[in-house]
Amino acid sequence: MSREEIEKDLNQILLEKMAKEYDDFIEKLSMQSPDEIIRASYEKVFKEDILAVVEGRELEPKYVKALLRENYPLEGCYQRWLEEDVTYMEDLRICIEDHAKGFLRYKDKERER
């Protein structure tokens with residue numbers, strides 16, 4: 001088996017482990033009240049995004065191996081995300097401003113007509 005095949009297999013194992021963890025999270029969530037489900041929606045979305053990154057095989061093999069050693073790698077990554085969420089909010093602010101700028105340009109062009 002080549003190094004590339006081994007790395008692909010390890011990534012698949014990690015994806016399956018994290019997907020199982022996600023499925024367990026969803027199962028527990030499905031037993032909660034609607035209010036609790038709504039409060040957990042942010043967590044659900046970002047755990048799905050974490051899984052998408054792993055599925056896209058965007059991680060270096062050494063990181064895949066490290067995450068495989070963790071009991072709950074999805075939860076660990078999510079908790080880390082919560083600590084670093086500030087950069088996401090900055091990206092969101094920039095997106096909102098860019099949208100507003102585009103809207104203003106559109107309105108300016110409408111007035112010129």
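# Salt bridges and a pocket in a helical model

Arg93 is partly exposed, with a relative accessible area of 35% (buried means under 20%, exposed over 50%, and partly exposed in between, using a 1.4 Å probe and protein chains only). You are looking at a predicted model, in which local features need pLDDT of at least 70 and side-chain atom pairs count only at pLDDT 80 or more, while totals for chains, interfaces and linings use all residues. Residues are numbered from 1 along each chain as its sequence is written, and side-chain values use heavy atoms, with hydrogens and water left out. Arg93 makes a good starting point for a tour of the salt bridges, and the pocket and two exposed residues follow.

**Salt bridges along helix α6**

- In total, the structure holds 9 salt bridges (a side-chain nitrogen of Lys or Arg within 4 Å of a carboxyl oxygen of Asp or Glu).
- Arg93 takes part in one of them with Glu90, where the closest N and O atoms are 2.3 Å apart.
- Glu90 and Arg93 sit 3 residues apart in helix α6, so about one helical turn separates them. Helices here are DSSP runs of H or I with at least four residues, numbered from the N terminus.
- Arg93 also meets Glu97, side chain to side chain, in a salt bridge of 2.5 Å from N to O.
- This second pair is 4 residues apart in helix α6, so Arg93 and Glu97 are likewise separated by about one helical turn.
- Both partners of Arg93 are partly exposed: Glu90 has a relative accessibility of 35%, and Glu97 has a relative accessible area of 35%.

**A link between α3 and α5**

- Elsewhere, the side chains of Lys47 and Glu75 form a salt bridge of 2.6 Å, N to O.
- This contact joins distant parts of the chain, with Lys47 in helix α3 and Glu75 in helix α5, 28 residues apart.
- Lys47 is buried, its relative accessible area being 3%, whereas Glu75 counts as partly exposed at 26%.
- Glu43 joins in as well, for Glu43, Lys47 and Glu75 are linked in a network of salt bridges.

**The largest pocket**

- Which residues line the largest pocket? They are Phe46, Asp49, Ile50, Val53, Val54, Leu59, Leu67, Cys77, Arg80 and Trp81.
- A pocket is an open set of points on a 1 Å grid over the protein atoms alone where a 1.4 Å probe fits, with protein on both sides within 12 Å along at least five of seven lines; lining residues have an atom within 4 Å of a point.
- Helices α3 (41–55) and α5 (73–84) each give at least two residues to this lining.
- α3 has the largest share of the lining, at 5 residues.

**Two exposed residues to find**

- Arg69 belongs to the loop between α4 (61–68) and α5.
- Is Arg69 buried or exposed? Arg69 is exposed, with a relative accessible area of 69%.
- Although 55 residues separate Arg69 from Leu14 in sequence, their C-alpha atoms are 9.6 Å apart in space.
- Back in helix α6, which spans residues 86–112, you can pick out Ile96.
- Ile96 is exposed too, and its relative accessible area is 52%.
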